[in-house]
Amino acid sequence: MVNLTVDDKQIAVERDATIYDAAKAAGIRIPILCHDKKLHPFGGCRMCLVEVEQMKGRLIPACTTPVSEGMIVRTMTDEIIKARKLVLELLLLKHPLDCPVCDAAGDCDLQNLTYEYKVDANNFTDEKFHWEIDYDNPLIERDQNRCIHCGKCARICDEIVSYGAYSFVNRGIEAKIGTPFDGKLDCEYCGSCISVCPVGALIAKPFKFKARWWALNKVKSVCSYCGTGCQLTLGVKDDKVLTTIYDEDQGFHNGQLCGRGRFGYQFVNSDERLTTPLVRKNGTLQPVGWDEALELISTKLQEARKNDPSAVAALATPRLTNEELFLFRKLFKDVVGTDSIDHSAGYAHEALTAGLKESFGITASPSQIVDIQKSDLLLVIKTDAYETHPVIGFEINLGVKRKGVDLRIISDKTGKLAKLPKAVNYLHKPGCELLLVNALAKVIVDENLAAESAAAITGLDAYKGMLAGVDLNQVAAVTGVSLESIRELATAYAKAEKALILLPIGLGYPGHGKELAQALSNLALLAGKIGQEGSGLLVLGEKNNSQGAADLAIHPTAGGRDAAAIIDGCASGAVKILYIAGENPVVAYPDRAKVEKALDNAGFVVVLDLFLTDSAKRADVVLPVKSFAEKCGTFTSVGRHVQRIRKAIKAVGESRSDREVLADIIARLTGEGVAADSATLFKQIGCYSGVNYDALGDAGAIYPVNVSPKFVPVVGSVPATEEGKYALLTGSALYHCGTMSLSGVGPMLVCPEQYIELGRVDAGKLGVNDGDRLKVRSASGELSLAVKVGLRMPEGVVFSPYHFADASINSITSGKSVTWVSLSK
Amino acid sequence: MIVPLIKGLQITLKHLFKKPITLMYPEEKPDVAPNFRGLHALKVSHNKAKCVACYLCPTVCPAKCITVEAGEDANHDKYAAKYEIDMLRCIFCGYCVEACPVDALGMTQTFELANYKRSDFVFTKERLLEKK
Ligand code: SF4
Ligand code: SF4
Ligand code: SF4
Ligand code: SF4
Ligand code: SF4
Ligand code: FES
């Protein structure tokens with residue numbers, strides 16, 4: 001600790017603090033323009049000038065100067081005020097006084113400081129800038145005339161996002177922030193640069209001119225896209241969510257979001273939202289009152305409850321709140337009496353619900369997101385972890401670049417993560433993850449690197465026995481990863497003091513199921529990596545509440561049908577009533593044709609959704625439900641983080657929340673009312689008994705777990721290959737999450753349609769370029785898709801995301817981790 | 001006793017021959033001071049409203065009677081796609097005029113604002129545009 005005096009206040013701060021940090025800790029505000037707590041000090045704007053007794057004679061920048069013992073700092077003297085005024089005058093010299101039409105006004109650091117320092121005249125004169133304004137970009141409007149050259153946009157895009165879209169170009173007064181060769185900006189569209197820009201040089205296009213910053217009601221909530229669980233502030237006016245607002249003090253991510261979270265909010269007030277319940281009459285869906293629709297559903301369920309509960313099945317999206325999932329389970333398991341409920345667990349979440357359940361005795365990861373930066377070595381399964389959970393990707397970037405975390409990736413493609421400094425990507429043939437993981441374990445056993453703690457865990461002998469059968473040479477030959485690489489990775493992993501494994505899961509990653517999760521659990525247990533900070537296994541659930549759905553056991557637990565069996569059951573007639581809360585099986589589940597047929601065949605299908613999805617179109621009753629912005633409740637994100645969402649706007653149309661609907665149906669079936677408020681429901685959720693709802697506040701809480709580890713040997717098998725065909729992998733596109741982002745507007749502006757991504761070599765062989773179309777044929781169907789040529793895909797391997805409803809990739813895939821396809825023009 | 005009576009009559013007679021103060025409204029109209037705060041007018045320059053939809057007037061308005069909705073024109077500039085003042089709520093304080101950073105709003109001498117329907121008191125942008 002270092003002791004110093006700031007404005008007569010004695011303070012002690014950490015050795016590596018700057019004067020700015022010290023003043024902040026003492027509650028003294030020093031004005032800044034180019035400084036940001038997330039970024040390396042820059043010292044470009046000179047707004048933060050202060051006086052230090054020991055360095056009399058000149059003013060020094062507080063944001064870059066480290067503290068030293070006995071420093072005496074003054075932050076506000078006449079001389080300082082004069083200097084700051086001069087800084088502002090010089091900035092305003094070429095700055096257009098656009099405030100009336102500038103979206104930053106009200107939230108603009110330059111405007112606020114100009115006002116604070118009463119700069120109402122300028123001692124200098126000069127011409128204003130005349131840079132061309134970029135109006136064409138779909139999401140980010142750049143007006144370099146308003147730029148004050150703080151460099152924050154370029155720095156955040158480089159330091160945290162690791163994309164590097166901008167840099168300073170030209171020199172002196174001609175300097176500006178530019179893209180490479182002053183070309184178009186076509187980046188990740190995370191919007192981080194917009195959020196840190198202190199002025200109105202970068203603005204969010206979808207929000208342009210929509211409202212003034214001061215007129216917005218700011219509602220704190222949680223992003224409803226992926227499992228990262230980023231905290232979000234919604235900007236609301238007249239019962240409409242108009243934008244998302246940056247708050248640098250929110251969450252582990254300091255307010256940073258990915259493109260989906262930042263630009264994907266427009267589904268909330270979309271004109272396409274369903275507004276009234278619909279019931280199929282004479283073949284078409286017709287608007288009815290709530291009472292009629294609910295009575296119809298209740299009557300059907302009541303009949304089935306008496307006669308044949310097993311003919312009832314229900315699917316819930318892991319986007320519902322915990323409270324809703326709790327009522328969902330209660331209605332179907334307790335009241336109706338069917339075990340056939342699922343949250344696409346069979347397809348997407350069995351790593352948690354089955355894998356970790358067996359290996360650790362819990363349905364959640366033992367580790368947390370904050371462990372990423374505390375780790376020494378990260379073992380990431382697939383570079384796709386960045387695309388599925390971009391803000392967790394930022395944490396990985398920061399870990400690698402700032403904390404020197406050793407990043408190792410086992411992946412079937414290269415990608416952004418693989419390009420990080422010193423990252424090593426063990427590129428393998430598609431579908432070989434399990435083989436590789438077991439090979440790593442084998443090396444650890446063979447080279448006596450296993451942790452002592454492993455000996456006390458049940459099942460070690462059986463596990464070792466299984467590993468004895470692993471033939472490393474064969475694994476190397478099949479996976480395409482050399483024996484030395486396997487040895488080197490295994491040794492590095494075992495020897496790292498703290499090592500963390502990241503496994504993204506989701507509907508696009510059928511291979512990341514129970515077995516892979518268990519193989520990874522085994523590996524972590526063997527190397528003694530479970531149970532300490534910065535180490536362990538973090539399974540990244542796909543959706544905002546995937547973790548909650550796993551915790552609340554929204555899957556069959558007593559021999560009922562899982563999602564796949566429910567679809568089969570509908571097709572065979574065994575399932576007569578299907579209740580679908582928010583899922584869109586037609587687009588998201590494997591084998592579209594089969595799902596469509598199943599839904600058509602099921603006797604009575606109820607769909608609750610925000611939109612008339614392809615699945616809803618096939619339903620007998622469609623109920624309009626509220627989005628996350630219209631209700632209260634909790635989500636559980638990756639790393640067991642329970643957080644509250646808050647109601648920001650009134651319900652759209654007549655929509656009701658799933659919670660209200662479920663409570664209503666339960667009341668109709670049982671004749672007894674049930675409490676439907678989030679607080680009461682949350683307190684009834686057994687697995688969250690360790691969390692105090694009333695104390696959740698803005699930060700949320702991480703619920704405690706007890707790991708009871710066990711080795712569960714899983715044998716890898718050599719994946720089948722087909723000569724002369726391409727291996728088609730599915731997964732998540734960076735700009736999308738599930739099928740909801742299709743209505744998010746922002747994501748669709750930058751990634752509008754289904755595409756097939758291939759490497760340069762294959763594109764050359766097929767003679768196609770970006771934007772051309774290719775016929776993709778698999779055993780189950782054929783699609784014509786737009787081509788995207790990139791550097792990610794190795795030869796013979798192609799990729800296609802799963803989000804899109806038109807030409808949905810599930811028309812040609814059937815739930816295997818690799819689909820073999822032939823490509824032709 | 002008679003003296004005060006005569007004095008009183010004197011005053012009456014004096015006033016009888018003075019110019020009357022009463023205005024025979026509506027036949028006669030008053031002279032309205034130039035800085036009178038009557039009906040608003042949106043000033044026009046280069047054939048379009050000067051208003052840039054900065055939302056300062058609705059922000060400052062104590063009666064909350066101004067509604068502005070900004071739009072983007074073909075040159076990507078901001079303009080008031082909607083500008084409305086509800087005269088039933090307006091208290092004619094003139095704060096809006098004072099707040100306007102581009103001198104786009106003024107108040108005219110028009111004070112005859114009576115009307116038959118409530119909706120007629122909502123002045124749309126077209127009705128507010130300065131008549132030249
Ligand atoms: S950037 Fe700030 S100071 Fe500049 S025009 Fe916009 S609001 Fe005004
Ligand atoms: S949106 Fe994100 S990726 Fe794009 S330039 Fe800004 S910070 Fe970089
Ligand atoms: S665009 Fe904004 S963030 Fe980037 S340098 Fe200019 S003022 Fe700073
Ligand atoms: S989609 Fe995921 S990573 Fe992106 S902002 Fe939302 S929670 Fe964060
Ligand atoms: S203050 Fe002036 S420019 Fe701004 S909205 Fe009102 S009239 Fe228009
Ligand atoms: S904030 Fe310190 S120099 Fe810019």
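1. Let me start with a pair of strands in chain A: β15 (residues 312-316) and β22 (residues 577-581) run parallel and are joined by 5 bridges. If you want a spot to click on, A:Ala314 has A:Tyr579 as its bridge partner in β22(A). Keep in mind that this is a predicted model.

2. Now the sheet around that pair. It is an open one of 7 strands in chain A, ordered β14-β13-β24-β23-β22-β15-β16, and the pairing is mixed. At the edges you'll find β14 (284-287) and β16 (341-342) of chain A, each pairing on one side only.

3. Helices lie across this sheet too. Helix α8 (residues 322-336) of chain A crosses β15, β16 and β22 of chain A, and runs at about 170° to β15(A). Helix α22 (residues 658-670) of chain A lies across β22, β23 (604-609) and β24 (621-624) of chain A, at about 150° to β22(A).

4. Next, have a look at helix α19 of chain A, residues 563-572. Its buried residues are A:Ala563, A:Ile566, A:Ile567, A:Gly569 and A:Cys570. Why do they sit on the same side of α19(A)? They cover an arc of only 160° around the axis, which puts them there together. The general background is that an α-helix has 3.6 residues a turn, so residues three or four places apart point the same way. Just after α19(A) comes A:Gly573, with a positive phi of about 95°.

5. There is a second open sheet to check, with 5 strands of chain A in the order β2-β1-β5-β3-β4 and mixed pairing. Here β2 (9-13) and β4 (60-61) of chain A are the edge strands; each has a single partner strand, so one side of each is left without a neighbour in the sheet. Strand β1 (residues 2-6) of chain A pairs with β2(A) in the antiparallel sense over 5 bridges, and A:Val2 stands opposite A:Val13 in β2(A). Helix α2 (residues 78-93) of chain A packs on this sheet, touching β3 (49-52) and β5 (72-74) of chain A, and its direction makes about 155° with that of β3(A).

6. Last, ligand 4. Which residues are around ligand 4? They are A:Cys223, A:Tyr225, A:Cys226, A:Thr228, A:Gly229, A:Cys230, A:Leu257, A:Cys258, A:Arg260, A:Gly261, A:Pro390 and A:Val391. The elements giving two or more residues to this shell are α6 (259-263) and α12 (390-402) of chain A. By type, the shell around ligand 4 splits into 8 nonpolar, 3 polar and 1 charged.

Notes. Residues numbered from 1 in each chain as written. Chains lettered and ligands numbered in written order. Predicted model: local features only at pLDDT ≥ 70, side-chain atom pairs only at ≥ 80, totals over all residues. Heavy atoms only, no water. Buried < 20%, exposed > 50% of the residue type's maximum accessible area, 1.4 Å probe, protein only. Helix = DSSP H or I, 4+ residues; strand = E, 2+ residues; numbered from the N terminus. Arc of directions from axis to C-beta. Near = heavy atom within 4 Å. Nonpolar A, V, L, I, M, F, W, Y, C, P; charged D, E, K, R; others polar. Pairing = 2+ DSSP bridges. Contact = heavy atoms within 4.5 Å. Axes fitted to C-alpha atoms, helices over the stretch in contact; angles between N-to-C directions.
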